[in-house]
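Please work through the exercises below with the sequence and the structure at hand. Each task is followed by a solution in steps.

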Amino acid sequence: MNKDNLNISKIETYLNEVVDGVVSENTFFTTIPDPSIVKASDWEDMVLVDFPMGIKDLEAYGRGEVDIVLYARPHESGKKNVAKMSELEQKLNDAIANAPIEKYQLVRDDARSIYDTDIKWHCNVVTYILLIA
């Protein structure tokens, strides 16, 4: 295994190429913008990419977990915008299925729905196992 492939910034660059502009035009890493910026925006969606468990060097290969958090602005009534969320998740599925796997491979592990109380948006968190060659 090439140890350079464990560089978290290289992994972020790879994931940015896979999801930014494909799943959402608003893609962020580690943290989303300040809630006041998000609330004032005209965005309907955004994506957060995070590495909650870090990247592990297992000598023959690397391994990590990647949370891809899909955010959808709710309807004015506050009701979850299920159609937008479904669209985001489908775009994510397609992006991952079409992602090159020379150094990195993403395997879907888990998905859950949450609510971000700071910005008052609904989220689907999709967790992937990242395998690194």
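The exercises treat the overall fold, strand pairing, the nonpolar cores, the aromatic pairs and backbone angles.

This is a predicted model, in which local features need pLDDT of at least 70 and side-chain atom pairs count only at pLDDT 80 or more, while totals for chains, interfaces and linings use all residues. Residues are numbered from 1 along each chain as its sequence is written, and side-chain values use heavy atoms, with hydrogens and water left out.

**Exercise 1. Overall fold**

Task: Determine how many helices and strands the chain has, and in what order the elements run.

Solution. Step 1: Assign the elements as DSSP runs numbered from the N terminus, with helices being H or I of at least four residues and strands E of at least two. Step 2: The assignment gives three helices and six strands. Step 3: Read from the N terminus, their order is α-β-α-β-β-β-α-β-β. Step 4: Turn to the dimensions; the C-alpha trace spans about 50 × 25 × 25 Å along its principal axes. Step 5: The radius of gyration, taken over C-alpha atoms, is compared with a globule rule of 2.2 Å times the number of residues to the power 0.38. For 133 residues a compact globule would have a value near 14 Å, and the 15 Å of the chain agrees with this. Step 6: Consider burial, where buried means under 20% relative accessible area, exposed over 50% and partly exposed in between (1.4 Å probe, protein chains only). By this criterion, 43% of the 133 residues count as buried.

**Exercise 2. The surroundings of strand β6**

Task: Identify which strands pair with β6, and in which sense.

Solution. Step 1: Apply the pairing rule, under which DSSP must find at least two bridges between two strands. Step 2: Strand β4 (residues 62-72) pairs with β6 in the antiparallel sense over eleven bridges. Step 3: Strand β5 (residues 104-116) also runs antiparallel to β6, and twelve bridges join the two. Step 4: Locate Leu 131 of β6, which is the bridge partner of Arg 63 and also stands opposite Gln 105. Step 5: Examine burial along β6 (residues 121-132); eleven of its twelve residues are buried, so the strand is largely enclosed by the rest of the structure.

**Exercise 3. The nonpolar cores**

Task: Establish which residues have the most contacts inside the largest nonpolar core, and which elements contribute two or more residues to this core.

Solution. Step 1: Define a core as a set of buried Ala, Val, Leu, Ile, Met, Phe, Trp, Tyr and Cys residues joined through side-chain atoms within 4.5 Å. Step 2: The largest such core has 26 residues, and those with the most contacts inside it are Leu 15, Val 23, Val 66, Ile 68, Leu 70 and Leu 92. Step 3: Two or more residues come from each of α1 (8-19), β2 (45-50), β4, α3 (82-97), β5 and β6. Step 4: A second, separate core has eleven residues, including Trp 43, Met 46, Leu 48 and Val 125. Step 5: Inspect Val 66, which lies in strand β4 and counts as buried at 0% relative accessibility. Step 6: List its contacts (heavy atoms within 4.5 Å). Leaving aside neighbours within four places in sequence, Val 66 is in contact with residues including Leu 15, Val 49, Leu 106 and Tyr 128. Step 7: The C-alpha atoms of Val 66 and Tyr 128 are separated by 5.1 Å, although the two residues are 62 apart along the chain.

**Exercise 4. The aromatic pairs**

Task: Find how many aromatic pairs there are.

Solution. Step 1: Rings of Phe, Tyr and Trp (its six-membered ring) pair if their centres lie within 6.5 Å; planes under 30 degrees apart count as stacked, over 60 as edge-to-face and the rest as tilted. Step 2: The count comes to two aromatic pairs. Step 3: Tyr 14 and Tyr 104 have ring centres 5.0 Å apart and planes at 45 degrees, so this pair is tilted. Step 4: Tyr 14 lies in helix α1 and Tyr 104 in strand β5, so the pair ties together parts 90 residues apart in sequence. Both Tyr 14 and Tyr 104 are buried. Step 5: Phe 28 and Trp 43 have ring centres 5.7 Å apart and planes at 35 degrees, so this pair is also tilted. Step 6: Phe 28 is partly exposed at a relative accessible area of 21%, whereas Trp 43 is buried at 19%.

**Exercise 5. Positive phi**

Task: State where Lys 120 lies, and whether its phi is positive or negative.

Solution. Step 1: Most residues other than glycine have a negative phi. Step 2: Lys 120 is not a glycine, yet has a positive phi of about 65 degrees. Step 3: Lys 120 lies in the loop between β5 and β6, two strands that form a hairpin with four residues between them. Step 4: At 47% relative accessibility, Lys 120 counts as partly exposed.
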